[in-house]
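Subject: Structure handover and findings

Dear colleague,

I am passing the structure on to you with this message, and below it I set out what was found. Please have it open while you read.

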Amino acid sequence: MMTLAAIANAANVTLKEYIMIGWLRFQMNDASVWGYFLQALPISLIAGIVYAVVRFIKGKRKDRPIRLLDETIKFLFVCYLTGLISLVVLPVNFWLNIYDGIFLGWWNEIPSIFSFGGFNLVPTIIKALSGEIVIGSWVKTMLIGNVAMLLPLGFFLPFVTEKVNKKNIYAVAVVVPSIAELLQMIFGRSLDVDDLICNFIGIVAGFFIGLAIRNIKGKNKTINEMPTTRSLPKTVEKQKEKSS
């Protein structure tokens with residue numbers, strides 16, 4: 001049996017680095033929300049940084065003022081979208097397998113990326129009403145999680161694009177999850193009608209929350225920019241005094 005030191009040496013890392021990698025890998029591989037978040041975090045940050053650099057360079061070339069709040073929202077949106085694609089579309093533990101290849105050299109153990117998955121076209125609520133299944137805590141967690149997962153996508157849309165509005169948000173909430181579910185089948189995951197329903201609810205609810213906040217922000221900005229009596233030009237004030 002190889003010792004930890006021998007394994008670390010074979011992986012071209014120090015024993016301390018190997019222990020740290022092992023601890024981090026254990027965290028990523030515990031099938032929890034935290035574990036999946038850690039898997040997607042590096043690639044999400046890389047995508048966000050690349051986006052920020054490109055935006056900065058374009059802004060400098062066009063001598064365009066940089067609006068920090070708007071750019072921060074767009075940066076977070078890119079990070080979120082990258083992480084969402086990594087977790088929802090790509091195979092389970094895709095990035096964990098990539099990290100194993102990069103840091104431990106386990107490229108030969110990476111499973112096939114492409115494989116045909118299954119599908120479920122009967123909603124959970126129908127199965128529950130027919131007595132086929134009982135909606136326990138795990139099912140509730142999965143359903144709520146699928147709503148919450150896509151809620152930020154809808155929330156960001158009013159801030160990052162003007163093409164999505166109250167009329168077409170419902171079409172967006174149907175098309176986006178449908179494409180994601182179809183891609184999942186190519187990458188060995190399953191198409192689930194429950195995901196489509198929950199994702200639809202999440203996107204629509206998030207959109208109207210974001211839209212409400214954007215409108216409140218716009219109204220406050222308009223009020224703050226309205227001229228007051230003190231800010232009126234002196235000529236206007238004199239005209240007011242004469243008319244009174």
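What follows goes from the chain as a whole to a helix contact, the aromatic pairs, a glycine and a loop residue.

Please keep in mind throughout that this is a predicted model. The chain contains 10 helices and two strands, and read from the N terminus the order of its elements is α-α-α-α-α-β-α-α-α-β-α-α. Of its 244 residues, 29% count as buried. Among the contacts in the chain with a separation of 6 or more, 72% are between residues 24 or more positions apart.

The helix contact described here is that of α3 (residues 33-61) with α4 (residues 68-88), whose axes come within 8 Å of each other and cross at roughly 140°. An angle over 145 degrees would count as roughly antiparallel, and at roughly 140° α3 is therefore classed as oblique to α4. The crossing of α3 past α4 is right-handed. On the α3 side the contact is made by Tyr 36, Ala 40, Ile 43, Ser 44, Leu 45, Ala 47, Gly 48, Ile 49, Tyr 51, Ala 52 and Arg 55, and on the α4 side by Glu 71, Lys 74, Phe 75, Val 78, Cys 79, Thr 82, Gly 83, Ser 86 and Leu 87. Sorted by character, the residues of this contact comprise 12 nonpolar, five polar and three charged.

Turning to the aromatic residues, the structure holds 11 aromatic pairs. One of them joins Phe 155 and Phe 159, whose ring centres are 5.5 Å apart and whose planes stand at 45°, so that the pair is classed as tilted. Both residues belong to helix α7 (residues 137-160), where Phe 155 and Phe 159 are four residues apart, or about one turn of the helix. Phe 155 has a relative accessibility of 25% and therefore counts as partly exposed. A further pair is formed by Tyr 170 and Phe 208, with ring centres 6.4 Å apart and planes at 45°, and this pair is therefore tilted as well. Because Tyr 170 lies in helix α8 (residues 169-186) and Phe 208 in helix α9 (residues 193-225), the pair ties together parts that are 38 residues apart in sequence. Tyr 170, at 40% relative accessibility, counts as partly exposed, and Phe 208, at 29%, is likewise partly exposed. Finally, Phe 77, Tyr 80, Phe 155, Phe 156 and Phe 159 form one aromatic cluster.

Phe 155 appears again in the surroundings of Gly 206, a residue placed in helix α9. Gly 206 is buried, since its relative accessible area is 0%, and the cut-off for that class is under 20%. The C-alpha atoms of Gly 206 and Phe 155 are separated by 4.2 Å, although the two residues are 51 residues apart along the chain. When neighbours within four places in sequence are left aside, Gly 206 is in contact with Leu 151, Gly 154 and Phe 155.

The last item concerns the backbone. Most residues other than glycine have a negative phi. Asn 93, which is not a glycine, nevertheless has a positive phi of about 60°, and Asn 93 is placed in the loop between α4 and α5 (94-104).

With best regards

Key
Residues are numbered from 1 along each chain as its sequence is written. This is a predicted model: local features need pLDDT of at least 70, side-chain atom pairs count only at pLDDT 80 or more; totals for chains, interfaces and linings use all residues. Side-chain values use heavy atoms; hydrogens and water are left out. Axes are lines fitted to C-alpha atoms, for helices over the stretch in contact, and angles run from 0 to 180 degrees between N-to-C directions. Angles under 35 degrees count as roughly parallel, over 145 as roughly antiparallel, 65 to 115 as roughly perpendicular and the rest as oblique. A crossing is left-handed if the near helix is turned anticlockwise from the far one by less than a right angle, and right-handed if clockwise. Contact means heavy atoms within 4.5 Å. Ala, Val, Leu, Ile, Met, Phe, Trp, Tyr, Cys and Pro count as nonpolar, Asp, Glu, Lys and Arg as charged, and the others, Gly among them, as polar. Rings of Phe, Tyr and Trp (its six-membered ring) pair if their centres lie within 6.5 Å; planes under 30 degrees apart count as stacked, over 60 as edge-to-face and the rest as tilted. Buried means under 20% relative accessible area, exposed over 50%, partly exposed in between (1.4 Å probe, protein chains only).
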